[in-house]
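User: I would like to learn how to read a few features of a structure, beginning with cysteines and then going on to helix packing. Could you take me through them one at a time?

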Amino acid sequence: MHPVDDTSAAIAGLQAWLHDHGVALDNFYIRYYGPGEGHGVVAAKDFAKGEHTLDIPFPLTMNVQSAMASDLAPLFAQDNLQLPDDEILALHLMYERQKGDASFWAPFIRSMPQTFDTPIFWPDAVFQELRGTNVALLGSMMRQQIIADYTSIHRPIFQRYPKLFDANALSISDYKWALSVIWSRAFGVVKDGEYLHVLCPAMDMFNHDVHLNVPLDEFVSYDDKTQRLSHRVHTACVAGAPLNISYGPYSNAKLLYSYGFVVPGNPNRGIDFWLNIPPSDPYYNLKKALLDAHPLTRAQTYDFEGTLLGSGVSERLLATVRIILMQENEIVHRNKAFEGQLISRRNELAVYENLILSCRRKLQSFSTTIKQDEDALAAGPSSLFLSCALQVRMEDKRTLQDTVRVLTCWKDYLVAIDDEAAVGEVYPPRDARI
């Protein structure tokens, strides 16, 4: 059967299954946009703002609760088996997929992507094009983690429960597939006071619009009384319009890492970047204790939220570097670092200079220039993967360049103030014209 026919059959099967379980199908239809874009949900009629388009009974979803109530219940009842929720859901997915038509969720599972475009699936030659980006760093770590978790957690479970799992048929590819489904298609809801990562049929096909600066809760909600997940339109739309949602204010780096696509013209960007206290610093223990104790700085996250933003630098990173560069006579003013204030004029200038130097070093670590990336993108890359890599690589460089420009402006602005006593009145410099 042709891949398009396979897709049509899977969607027809999903819709029939939803209809059989009480889901009204009059408000929407599912459109296949091709192998590069997948499916999307489209309005079947005009909608006013706030109207419901889709309501899914919770028992049709896959989540930790459905896993605990499934054939796998004896496995999860083992006292010594303590698994994170996503690992439980991955086992649930692999088990139900292995059951084939015998699974209650078979029509839903057949509607899920069988392959993904996220970098952990890329050939090594194309993956190398991401060198220098956090996508490459985290992608490499994730590849290793998947191997380690499959080897230490899932393979032993398959072997221990041969009546549940066919250990010879389930490979690391199945585990990677299950995780990718969860990472790219599940979303969080609160049910009976418990936060659950949920895979929801049809709702997992809503596409992302980078220009919607609206939380996911504005689109999708769960009602404990009706036991249903509901989607409602955020703004009025006409029949035939795509029913898009916002996954979050994500940069192209995050979109590529988690979902396998980029959006040209995406206004969101940011690079996770941190500096550490030199071990030789005589006040290492004090500075580490200060950073570890404050909620602003205790976690050096790599979640693509970004500390270098192009338009500036996050307060988390500024506070961190202020403490790192604090001298003995400035310790008395340490709390100012966490309050968006200067510890001292000297310290603040050192922060900007240090960050400028760090950004320039990171730019120099790339093997190509922005111009070379632009030319390669304009020439038409040989694959979708390479196009995505070029886009992310180029945007990281632009973010670094723009951050250097902003920090230089802040530095010049602060240098121009003659009276140190006046610094507190005009700070922060990001309020200056740039």
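User: Why is the sulfur of cysteine 359 not in a bond with the closest cysteine sulfur?

Analyst: The general idea is that a disulfide is assigned by distance, with the two cysteine sulfur atoms required to lie within 2.5 Å. In this model, which is predicted, the closest cysteine sulfur to that of cysteine 359 belongs to cysteine 409 and is 15 Å away, which is too far for a bond. Cysteine 359 is also buried, its relative accessible area being 1%.

User: How many disulfides does a search of the whole structure find, and where does that leave cysteine 237?

Analyst: The search of the whole structure finds zero disulfides. Cysteine 237 is accordingly in none, and its nearest cysteine sulfur, that of cysteine 200, is 19 Å away. Burial is a separate reading, for which the cut-off is under 20% relative accessible area; because its relative accessibility is 16%, cysteine 237 counts as buried.

User: Turning to helices, is α9 mostly covered or mostly open?

Analyst: One reads this residue by residue and then asks what does the covering. Helix α9, spanning residues 252–259, is mostly covered, since seven of its eight residues are buried; among them are Asn252, Lys254, Leu255 and Ser258. The elements covering these buried residues include α7 (134–160), α8 (172–185) and α14 (384–415). Just after α9, glycine 260 takes a positive phi of about 85 degrees.

User: How do the axes of α7 and α9 cross, and which residues meet there?

Analyst: Here one reads the axis distance and angle, and then the residues in contact. The axes of α7 and α9 come within 10 Å and cross at roughly 20 degrees, which makes α7 roughly parallel to α9, because angles under 35 degrees count as roughly parallel. The crossing of the two helices is right-handed. On the α7 side Val135, Leu138, Gly139 and Met142 meet Ala253, Leu256 and Tyr257 of α9, and the residues of this contact divide into six nonpolar, one polar and no charged.

User: As a last case, which residues is threonine 7 in contact with, leaving aside its neighbours within four places in sequence?

Analyst: Setting those sequence neighbours aside keeps the list to contacts from elsewhere in the chain, and for threonine 7 the contacts are Tyr32 and His39. Threonine 7 itself lies in helix α1, residues 3–20, and is buried, with a relative accessible area of 15%.

Notes: Residues are numbered from 1 along each chain as its sequence is written. This is a predicted model: local features need pLDDT of at least 70, side-chain atom pairs count only at pLDDT 80 or more; totals for chains, interfaces and linings use all residues. Side-chain values use heavy atoms; hydrogens and water are left out. Buried means under 20% relative accessible area, exposed over 50%, partly exposed in between (1.4 Å probe, protein chains only). Helices (H or I, at least four residues) and strands (E, at least two) are DSSP runs, numbered from the N terminus. Contact means heavy atoms within 4.5 Å. Axes are lines fitted to C-alpha atoms, for helices over the stretch in contact, and angles run from 0 to 180 degrees between N-to-C directions. Angles under 35 degrees count as roughly parallel, over 145 as roughly antiparallel, 65 to 115 as roughly perpendicular and the rest as oblique. A crossing is left-handed if the near helix is turned anticlockwise from the far one by less than a right angle, and right-handed if clockwise. Ala, Val, Leu, Ile, Met, Phe, Trp, Tyr, Cys and Pro count as nonpolar, Asp, Glu, Lys and Arg as charged, and the others, Gly among them, as polar.
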